[in-house]
Amino acid sequence: VFLTLASGVYIVPGRPPSFLVTPQATYTSPASPLRLNCTVDSDPAPNITWFRGDPLLPLTAFNGSVVNGALIIPSVTAGVDSSTNGVQYQCRANNGFGTLISKPIKVYTSYFGGFQGPLTITYFVESTTVNRSE
């Protein structure tokens, strides 16, 4: 829907994405499903894309799916597969009015019921890019 001002300028109503729920670092067990949430409010609805690894690669490069913004991985592997042990994940939302990028978070895998991994998690500030048209 376009709004027309008396000057002949067209305005497209909408707003850039903003987080309702940001992804959080988590621990999981081998062979368990993993769900990382990323809930975003915007108008129009955003396109949510997930990235993984270092460097961050798009979702298509690994086994997972996005359902209502959440990243679902049916079975986390551990041990020799270091790609899911302490790996970075990041959510990005775009709707044409702006791009919203979550802080990178890490998912750690526990072994034999006890956690064996790093004891600290580093958090980064979220960043927002807003597109403005003149």
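In this predicted model, Y108 is buried, with a relative accessible area of 6% (buried means under 20%, exposed over 50% and partly exposed in between, with a 1.4 Å probe and protein chains only). Y27, by contrast, is partly exposed at 40%. The two residues meet in the one aromatic pair that the structure holds (ring centres of Phe, Tyr or Trp, the latter by its six-membered ring, within 6.5 Å; planes under 30 degrees apart are stacked, over 60 edge-to-face and the rest tilted). The ring centres of Y27 and Y108 lie 5.6 Å apart with planes at 25°, so the pair counts as stacked. Because Y27 belongs to strand β4 (residues 26–28) and Y108 to β13, the pair ties together parts 81 residues apart in sequence; strands are DSSP runs of E with at least two residues, numbered from the N terminus.

Turning to the interior, the largest nonpolar core has 19 residues, and L36, W50 and Y89 have the most contacts inside it (a core joins buried Ala, Val, Leu, Ile, Met, Phe, Trp, Tyr and Cys through side-chain atoms within 4.5 Å). At least two core residues come from each of β5 (34–36), β7 (47–52), β10 (70–73), β11 (87–94) and β13 (105–109), and β11 gives the most, with four. Beyond neighbours within four places in sequence, L36 is in contact (heavy atoms within 4.5 Å) with residues including W50, L71, Y89, I105 and V107.

Residues are numbered from 1 along each chain as its sequence is written, and side-chain values use heavy atoms, without hydrogens and water. Local features need pLDDT of at least 70 and side-chain atom pairs 80 or more, whereas totals for chains, interfaces and linings use all residues.
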